[in-house]
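I opened this notebook to record, entry by entry, what I looked up in one structure. I begin with the pocket, go on to the aromatic rings, and end with single residues.

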Amino acid sequence: MTEIVQPLFFVGQLVYHTKFNYRGVIIDVDPQFMLSDTWYEQVAKSRPPKDKPWYHVLVHSSAQQTYVAERHLSADNTAEPIEHPAIKEHFSEFKQGRYILSRLN
């Protein structure tokens, strides 16, 4: 039986990618790697564990969305909002350093 690992981060939380030095906000959490083996082989060059949480992240000052292993993230405590064209699709407001999910989600 596979053990479910509690994620360290949550939807709406600001994070910092420690390997590629960018800020972002989490829009979804997967309890383990959920993309294809082909994607993993081509993109995840550092081979982070597949059995730990992975996060869908909107990248600050970009239109990019990334898929990031937990080990490459840390909490971003700047309390500064993220600039991304899809923010309003996911969140209704930014309050006390985190995003609040839109009621439409």
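**Entry 1: the pocket**

Before counting I had to settle my terms: a strand here is a DSSP run of E with at least two residues, and strands are numbered from the N terminus. A lining residue is one that has an atom within 4 Å of a point of the pocket. I also noted that what I am reading is a predicted model.

I looked up the largest pocket and found a volume of about 270 Å³. It is lined by 16 residues, and those closest to its centre are His17, Phe20, Trp39, Val43 and Tyr67. Helix 1 (37-43) and strand 4 (65-69) are the elements that give two or more residues to this lining. Which element gives the largest share of the lining? I found that strand 4 does, with 4 residues. Sorting the lining by class, I wrote down 10 nonpolar, 4 polar and 2 charged residues.

**Entry 2: the aromatic rings**

I reminded myself that a pair of aromatic rings is described by the distance of the centres and the angle of the planes. The structure holds 11 aromatic pairs. I looked at the pair of Phe94 and Tyr99, whose ring centres are 4.6 Å apart and whose planes meet at 55°, so I entered the pair as tilted. An angle over 60 degrees would have made a pair edge-to-face, and one under 30 would have made it stacked.

I then asked of each partner whether it is buried, partly exposed or exposed. Phe94 has 27% relative accessibility and therefore counts as partly exposed, whereas Tyr99 has a relative accessible area of 4% and is buried.

Next I followed the ring pairs that link Phe33, Trp39, Tyr40, Trp54 and Tyr67 into a cluster. Trp39 and Tyr67 were already in my notes, among the residues closest to the centre of the largest pocket. Over the face of Tyr40 I found Lys50, at 4.5 Å from the ring centre.

**Entry 3: two positive phi values**

I kept in mind that most residues other than glycine have a negative phi. Ala79 is not a glycine, yet its phi is positive, at about 65°. I placed Ala79 in the loop between strand 5 (73-75) and helix 2 (87-90), and I entered it as partly exposed because its relative accessibility is 41%.

Gln96, also a residue other than glycine, has a positive phi near 50°. I found Gln96 in the loop between strand 6 (91-95) and strand 7. Is Gln96 buried or exposed? Its relative accessible area is 80%, so I marked Gln96 as exposed.

**Entry 4: residues that meet distant parts of the chain**

I turned to Ile82, which is found in the loop between strand 5 and helix 2. With 6% relative accessibility, Ile82 counts as buried. Leaving aside its neighbours within four places in sequence, I listed contacts of Ile82 that include Leu14, Arg23, Val25, Leu58, His60 and Tyr99. Ile82 and Leu58 are 24 residues apart along the chain, while their C-alpha atoms are separated by 8.2 Å.

Ala69 lies in strand 4, and at 3% relative accessibility I counted Ala69 as buried. Not counting residues up to four places away in sequence, Ala69 touches Pro48, Pro53 and Trp54. From Ala69 to Ala44 I noted 25 residues in sequence and 8.8 Å in space, C-alpha to C-alpha.

**Entry 5: two serines**

Ser62 has its place in the loop between strand 3 (54-59) and strand 4. Beyond residues up to four places away in sequence, I found Ser62 touching Glu83, His84 and Pro85. For Ser62 and Phe33 I noted 29 residues of separation in sequence and 24 Å in space, C-alpha to C-alpha.

Ser102 is found in the segment after strand 7 (98-101). Its relative accessible area is 13%, and the cut-off for buried is under 20%, so I entered Ser102 as buried. Which residues is Ser102 in contact with, leaving aside its neighbours within four places in sequence? I wrote down His90, Phe91 and Ser92.

How values were computed. Residues numbered from 1 in each chain as written. Predicted model: local features only at pLDDT ≥ 70, side-chain atom pairs only at ≥ 80, totals over all residues. Heavy atoms only, no water. 1 Å grid on protein atoms, 1.4 Å probe; cavity = no way out; pocket = protein on both sides within 12 Å on 5 of 7 lines; lining within 4 Å. Points joined across faces, edges and corners; volume = space filled by probe spheres on them. Nonpolar A, V, L, I, M, F, W, Y, C, P; charged D, E, K, R; others polar. Phe/Tyr/Trp six-rings, centres within 6.5 Å; stacked < 30°, edge-to-face > 60°. Buried < 20%, exposed > 50% of the residue type's maximum accessible area, 1.4 Å probe, protein only. Lys NZ or Arg CZ within 6 Å of the ring centre and 35° of its normal. Contact = heavy atoms within 4.5 Å.
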